[in-house]
Amino acid sequence: MNPPLSLFVTGTDTEIGKTLVSCALLRGFARLGLSAAAMKPIAAGAHFCAEDGLWHNEDADQLDAAAGALLPPQLRTPYLLKAPAAPHIVAAQEGTALKLDTIVDCHREAMRRADVVVVEGVGGFQVPLDDERDTADLAAALALPVVLVVGVRLGCINHALLTADAIAARGLRLIGWVANVVDPTMRFIDENIETIRARFERAHHAPLIGTVPHLSPPAPEQASTHLDIEGLVRALKSDA
Ligand SMILES: Nc1ncnc2c1ncn2[C@@H]1O[C@H](COP(=O)(O)OP(=O)(O)OP(=O)(O)O)[C@@H](O)[C@H]1O
Ligand SMILES: C[C@H](N)[C@H](N)CCCCCC(=O)O
Ligand SMILES: [Mg+2]
């Protein structure tokens, strides 16, 4: 039996396509016959649904819809915060301590239930969780290879390079990256992507998993056709 695989999806910012790409990865893994589960361990922004009597988060719902192996909500999202804002601020206001150990335990259980577990971070790579820790500490506690989603828009080169350096500084492996075209009106899109590709290849040996064009509608199944999922699986297996 193959050991389960897992990866941590981070981004150059909030709202740049981490959820879309995570869902695309889930669909791509499913196409390869892998049972794929998703975690959004810390979610900020929840609404109450009278139909099922549960609090929902949009990212978590999208991940559930794309996942082949569904996790129970408490395992998929151990920390569901109400307000759509910086998690350390919302957690403090709600009196919630965001514990890395709890998330690591949930992740360990998720790994027992699927062939591959996709973990979506929250916001960018160094979003605080409290006065001391941030989401980079979460990725390190989970000891996962990182996929960086670059939201392709003006300014993304700098954000991409800073994030890759931060990932390396935490001793984590940037296993690949996705160029996600959030601003289709940007000038020189291909040249921007090539600039990042060449630098990531040289400095981090991190390949471009694929370029997701601006999609209408932004459907995970379609996005997944732009990603080299087989290559990613090979890299994850050799990293495991
Ligand atoms: N390639 C794309 N084409 C069209 N729309 C996109 C694309 N990528 C992302 N979007 C849209 O941009 C918005 C933000 O994307 P998404 O929710 O995936 O970002 P995120 O990085 O996960 O944000 P958060 O930090 O809140 O988790 C969504 O409405 C999504 O549908
Ligand atoms: C609510 C939002 N969609 C994200 N889930 C949280 C983004 C926090 C960003 C914090 C920051 O870097 O300033
Ligand atoms: Mg998201």
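Here are a few exercises with worked solutions on this structure, which is a predicted model.

**Exercise 1. Trace the open sheet of six strands and find its edge strands.**

Step 1. Start with the strand order. Across the open sheet it reads S2-S7-S1-S8-S9-S10, and the pairing is parallel.

Step 2. Look for strands that pair on one side only. These are strand S2 (36–39) and strand S10 (208–212), the edge strands.

Step 3. Now see how neighbours are set against each other. On average, neighbouring strands of this sheet are turned by 20°, direction ignored.

A reminder may help here: strands of a sheet pair through backbone hydrogen bonds, either parallel or antiparallel.

**Exercise 2. Describe how strand S9 pairs with S8 and S10, and decide whether the residues of S9 are buried or exposed.**

Step 1. Take the S10 side. Strand S9 covers residues 174–180 and pairs with S10 in the parallel sense, over four bridges. To find this pairing on screen, go to asparagine 180, which stands opposite valine 212 in S10.

Step 2. Take the S8 side. S8 and S9 also run parallel, joined by six bridges. Here you can pick valine 147, whose bridge partner in S9 is glycine 176.

Step 3. Check the surroundings. A residue counts as buried when its relative accessible area is under 20%. Seven of the seven residues of S9 meet that description, so the strand is largely enclosed by the rest of the structure.

**Exercise 3. Characterise the largest pocket and the second largest pocket by volume, lining and residue class.**

Step 1. Begin with the largest pocket. About 810 Å³ of space lies in it. Its lining is made of 32 residues, and those nearest the centre are Thr14, Glu15, Thr19, Asp59 and Glu120.

Step 2. Ask which elements contribute. Helix H1 (18–31) and helix H2 (58–66) are the elements that give two or more residues to this lining.

Step 3. Sort the lining by class. For the largest pocket you get 15 nonpolar, eleven polar and six charged residues.

Step 4. Repeat for the second largest pocket. The space in it comes to about 240 Å³. Thirteen residues line this pocket, with Leu54, Trp55, Pro73, Arg76 and Leu80 closest to its centre.

Step 5. Its contributing elements, again at two or more residues each, are strand S5 (54–56), H2 and helix H3 (73–76). The classes here are six nonpolar, four polar and three charged residues.

Step 6. Put the lists of elements side by side. H2 is named for the largest pocket, and H2 is named for the second largest pocket too.

**Exercise 4. Work out which parts of the chain are tied together by the salt bridge of arginine 153 and aspartate 13.**

Step 1. Recall the idea: side chains of opposite charge can pair when their charged atoms come close. The structure holds 14 salt bridges.

Step 2. Inspect the pair. The closest N and O atoms of arginine 153 and aspartate 13 are 3.0 Å apart, and the cut-off for a salt bridge is 4 Å.

Step 3. Place both partners. Arginine 153 sits in the loop between strand S8 (146–151) and helix H7 (156–169), while aspartate 13 sits in the loop between strand S1 (5–11) and H1, so the pair ties together parts that are 140 residues apart in sequence.

Step 4. Add the accessibility. Arginine 153 is partly exposed at 28%, and aspartate 13 is partly exposed at 29%.

**Exercise 5. Find the salt bridges of arginine 108 and arginine 113, and give the spacing of the partners along helix H5.**

Step 1. Arginine 108 meets aspartate 105 in a salt bridge of 3.1 Å, N to O. Both lie in helix H5 (residues 100–113), three residues apart, or about one turn of the helix.

Step 2. Arginine 113 bridges to glutamate 109, with the closest N and O atoms 2.9 Å apart. This pair also lies in helix H5, four residues apart, again about one turn.

Step 3. Compare with the surface. Arginine 108 has a relative accessible area of 44% and aspartate 105 one of 45%. Arginine 113 stands at 43% and glutamate 109 at 22%. Each of these residues counts as partly exposed.

Step 4. Finish with a network: Arg27, Arg31 and Glu221 are joined by salt bridges that share partners.

Methods: Residues are numbered from 1 along each chain as its sequence is written. Chains are lettered from A and ligands numbered from 1 in the order in which they are written. This is a predicted model: local features need pLDDT of at least 70, side-chain atom pairs count only at pLDDT 80 or more; totals for chains, interfaces and linings use all residues. Side-chain values use heavy atoms; hydrogens and water are left out. Two strands pair if DSSP finds at least two bridges between them. Axes are lines fitted to C-alpha atoms, for helices over the stretch in contact, and angles run from 0 to 180 degrees between N-to-C directions. On a 1 Å grid over the protein atoms alone, a cavity is a set of points where a 1.4 Å probe fits but cannot get out, and a pocket is an open set with protein on both sides within 12 Å along at least five of seven lines; lining residues have an atom within 4 Å of a point. Grid points are joined across faces, edges and corners, and a volume is the space filled by probe spheres set on the points. Ala, Val, Leu, Ile, Met, Phe, Trp, Tyr, Cys and Pro count as nonpolar, Asp, Glu, Lys and Arg as charged, and the others, Gly among them, as polar. A salt bridge is a side-chain nitrogen of Lys or Arg within 4 Å of a carboxyl oxygen of Asp or Glu. Buried means under 20% relative accessible area, exposed over 50%, partly exposed in between (1.4 Å probe, protein chains only).
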